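Biologist: Could you take a close look at one part of this model for me, with the cut-offs stated as you go?

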Amino acid sequence: GVNRSPVVTSFYEGNRMWTLSQYLISALRAYGFEVGCTKASMGAYPKDSKGQDSVTSRGRMGKGYDFVLSLHSNAAGDYSVERAVSIVFVDDNCGEIDDVSYQLGYKIGMAVKNTMGLSSLQMLQRKSSGDRDGDGRVNDDYYGFLFGAHQAGVAAVLMEHGFHTHAATAKWLLS
């Protein structure tokens, strides 16, 4: 029931991404991958040290895995926007994890773009305006999920499966 599409009112980002994650988990396991989940049920988020819901904690839960992926659909005020967006680590020149994030984001993003028939793929990196990890450098990821995964030392991608404010995209995702 979260992030309802204004153009296809039966579409809710949270509900649909949960359903898609269940398909993805089954497919990956069928290929022999070990799959863990950062959510036990739709809507449930891990808690931080203060007991608050935390997307940063979700990223940190990737510790010990090779890769973490967060599924989303985007929204825009312009209802004609329909591209895929792969949000990947900011390149902080601290090792190859940033490169792996970018490479996987590109490959997954192109697969989403092509499968959904979207016009393009946007590769996005967004740096925080402050020093989130306290190391004296402003080189941290803006998005909490990516920030947490980077702290855990695991490559990560936040994948936007088009824009649910675009009617054809929302309908495609529902199908």
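Biologist: How many residues of the lining of the largest pocket are nonpolar, polar and charged?

Modeller: This is a predicted model, in which local features need pLDDT of at least 70 and side-chain atom pairs count only at pLDDT 80 or more, while totals for chains, interfaces and linings use all residues. Residues are numbered from 1 along each chain as its sequence is written, and side-chain values use heavy atoms, leaving out hydrogens and water.

The lining divides into 28 nonpolar, 15 polar and 5 charged residues, with Ala, Val, Leu, Ile, Met, Phe, Trp, Tyr, Cys and Pro counted as nonpolar, Asp, Glu, Lys and Arg as charged, and the others, Gly among them, as polar. The largest pocket (an open set of points on a 1 Å grid over the protein atoms alone, where a 1.4 Å probe fits, with protein on both sides within 12 Å along at least five of seven lines) has a volume of about 1,500 Å³, taken as the space filled by probe spheres set on the points. Of its 48 lining residues, each with an atom within 4 Å of a point, Ser21, Leu24, Leu69, Ser70 and Leu71 are closest to the centre. The elements α1, β1, α3 and α5 each give two or more residues to this lining, helices being DSSP runs of H or I with at least four residues and strands runs of E with at least two; α1 supplies the largest share, 13 residues.

In α5 (residues 167-174), Thr169, Ala170 and Leu173 are buried, meaning under 20% relative accessible area with a 1.4 Å probe, protein chains only. Because these residues cover an arc of only 100° around the axis, they sit on the same side of α5, the arc being that of the directions from the helix axis to the C-beta atoms. The buried residues of α5 pack against α1 (13-30), β1 (67-74), α3 (97-116) and β4 (155-163), where contact means heavy atoms within 4.5 Å.

Conventions
Buried < 20%, exposed > 50% of the residue type's maximum accessible area, 1.4 Å probe, protein only.
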